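User: Could you zoom in on one part of this model for me, the place where the small partners bind? I'd like one connected walk-through rather than a list.

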Amino acid sequence: MSFQSRYNQLPEHFYREVTPTPLKNPFLISWNHSLAEEMGLGDTLTAEKAADYFGAMKPLSKTPPIATAYAGHQFGHYVPQLGDGRSILLGEWKNGVGEHWDLHLKGGGRTPYSRSGDGRAVLRSTIREYLCSEAMHHLGIPTTRALCMVGSEEEVHRESIEYGATLLRTAPNHIRFGTFEYFYYRQEYEPLQQLLNHLVKFHFPQLNQVAHTQQALELFKIVVTRTAQLIAQWQLVGFAHGVMNSDNMSILGFTIDYGPYGFLDHYEPGFICNHSDHSGRYAFNQQPEIAQWNMRCLAQALLPLLEEEPEAGAELLREELQNFQTQYQAAYDHGLSAKLGLSFREGDQTLQLQWLQLLESSQADYTRSFRALSDSNKSQLQQEIGNQAGLTTWLSAYHQRLQSEATTTEERAHAMRQVNPKYILRNYLAQQAIEQAEAGDYREIERLLELLHNPYDDQPQFESYAATAPEWSKSLSVSCSS
Ligand code: AMP
Ligand code: MG
């Protein structure tokens with residue numbers, strides 16, 4: 001088998017070779033058949049072999065597994081040495097149509113970057129990442145994905161003793177903003193350039209058309225655009241990441257590193273999903289600003305690669321940072337209008353804002369309210385939104401605005417259902433799957449995978465999964481412990 005990874009071609013200070021540490025009595029919990037098919041794995045890598053490769057740590061190939069180096073700003077503070085503390089790049093799968101997929105094993109044991117950590121991931125956090133990355137993918141949001149999950153009888157110490165598990169994560173690469181920061185703050189500008197060259201060569205071939213000296217700036221522009229679009233998609237679907245440190249920001253503009261994330265149940269702009277985030281730095285409504293803050297960290301790290309004098313270079317990057325705000329806002333405004341069944345025009349913001357205020361003041365369920373509006377289901381809307389007078393007033397302005405739309409009611413309802421999901425991975429749904437899995441029953445994971453495969457379709461057999469979150473779920477808390 002050839003699983004040669006392109007990242008291994010970089011010089012050695014980009015990573016360290018590591019040997020994954022086997023888990024005790026590993027067994028397959030879930031295999032993502034549709035992803036395996038998309039990857040074109042065929043008979044090369046099958047569910048039957050997963051526990052051997054991703055639990056017992058049988059070598060996949062002769063390519064040495066590596067842990068990559070990166071740094072990052074965590075909760076606003078620079079941490080010079082992070083790196084893959086519990087993830088191991090086992091290799092890269094190249095399929096018949098020339099696509100490359102990193103095979104990144106999370107929870108595979110200690111690496112030189114583990115610091116005081118044990119290199120493990122517990123079952124509960126593995127399930128959360130497994131389900132959420134698939135949920136995001138099928139919602140149409142760029143994300144890393146997960147091929148499989150392997151459980152074990154390995155005892156892992158967190159607040160209590162839990163079982164260790166692994167997740168085989170995949171993406172075209174796992175390069176983070178923090179990978180650039182790592183070399184920048186060490187003043188290692190040659191590897192910084194090598195990192196850029198690597199990205200251009202393998203991931204942004206369109207930059208080969210650009211003069212060598214302009215590539216860093218052009219890369220930055222692409223990352224600005226992709227990140228602005230990504231964050232707009234998060235805000236529109238009601239997704240809070242929870243730990244938007246710059247080491248958790250992907251250079252490809254993917255959602256990466258699922259930890260204490262959460263989807264909004266009722267609409268609460270200041271929602272903090274991460275119990276460890278005491279100041280609310282990563283609250284739901286802070287995400288666009290934090291993304292821009294992280295973009296600034298990346299810009300800083302790219303400075304030595306610009307042809308211009310530092311001041312002129314900084315000015316160019318500053319302009320691009322402004323573009324982040326503009327691009328984010330445009331993507332969000334257009335997206336929100338689409339959720340309301342409108343093709344955006346200036347002035348829609350008032351209607352948008354009033355709708356969101358209505359949801360907020362009546363603590364209405366974010367997902368269900370948009371879906372009820374898509375279905376033009378008045379009685380459903382009245383149920384979701386407590387404030388009947390407010391709803392009537394808003395609906396009258398809305399219907400007036402709809403008059404100037406060219407679409408028919410049916411067309412609009414159809415389009416709205418494509419952007420207003422019926423099913424999201426509510427925290428309590430993930431929690432139920434976790435509790436059952438911890439008791440040895442993994443069927444709920446498969447049910448959720450099936451459900452989340454088609455989040456925009458009505459699935460009568462799964463009607464109950466679209467219900468509002470039960471009262472007990474409000475006391476659930478998710479922290480960085482994973
Ligand atoms: P995260 O908050 O999961 O993005 O992780 C932040 C940093 O801590 C990364 O460098 C991780 O590799 C590292 N890390 C997290 N958990 C562990 C663990 N159990 N063992 C070793 N390193 C870890
Ligand atoms: Mg991380």
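Analyst: Asn248 and Asp257 are both buried, and in this predicted model they are the residues that coordinate the magnesium ion, ligand 2. Asn248 does so through OD1 and Asp257 through OD, at 1.9 to 2.2 Å. Water is not among the atoms, so the site may look incomplete.

Now for ligand 1. It sits in the largest pocket, with 16 residues surrounding it. The closest of them are Gly83, Gly85, Arg115, Asp118 and Gly119. Sorted by class, that shell holds 7 charged, 7 polar and 2 nonpolar residues.

Two of those glycines make backbone contacts with ligand 1. For Gly83, a backbone N or O atom is 2.6 Å from an oxygen atom of the ligand; for Gly85, the corresponding backbone distance to a ligand oxygen atom is 2.7 Å. A side chain joins in as well: an N or O atom of Arg158 lies 3.4 Å from a nitrogen atom of ligand 1. As for how covered the ligand ends up, on its own ligand 1 would expose 480 Å², and the protein buries 80% of that.

Notes:
Residues are numbered from 1 along each chain as its sequence is written. Chains are lettered from A and ligands numbered from 1 in the order in which they are written. This is a predicted model: local features need pLDDT of at least 70, side-chain atom pairs count only at pLDDT 80 or more; totals for chains, interfaces and linings use all residues. Side-chain values use heavy atoms; hydrogens and water are left out. A residue is near a molecule or strand if one of its heavy atoms lies within 4 Å of it. A polar contact is a pair of N or O atoms within 3.5 Å; within protein, one must be able to donate a hydrogen and the other to accept it, and residues adjacent in sequence count only if both atoms are side-chain atoms. Accessible areas come from the Shrake-Rupley method with a 1.4 Å probe; for residues, only the protein chains shown count as cover. On a 1 Å grid over the protein atoms alone, a cavity is a set of points where a 1.4 Å probe fits but cannot get out, and a pocket is an open set with protein on both sides within 12 Å along at least five of seven lines; lining residues have an atom within 4 Å of a point. A molecule sits in a cavity or pocket if more than half of its atoms lie within 2 Å of its grid points. Ala, Val, Leu, Ile, Met, Phe, Trp, Tyr, Cys and Pro count as nonpolar, Asp, Glu, Lys and Arg as charged, and the others, Gly among them, as polar. Donors are N, O and S atoms within 2.8 Å of the metal (3.2 Å for Na, K and Ca); water is not among the atoms, so sites may look incomplete. Buried means under 20% relative accessible area, exposed over 50%, partly exposed in between (1.4 Å probe, protein chains only).
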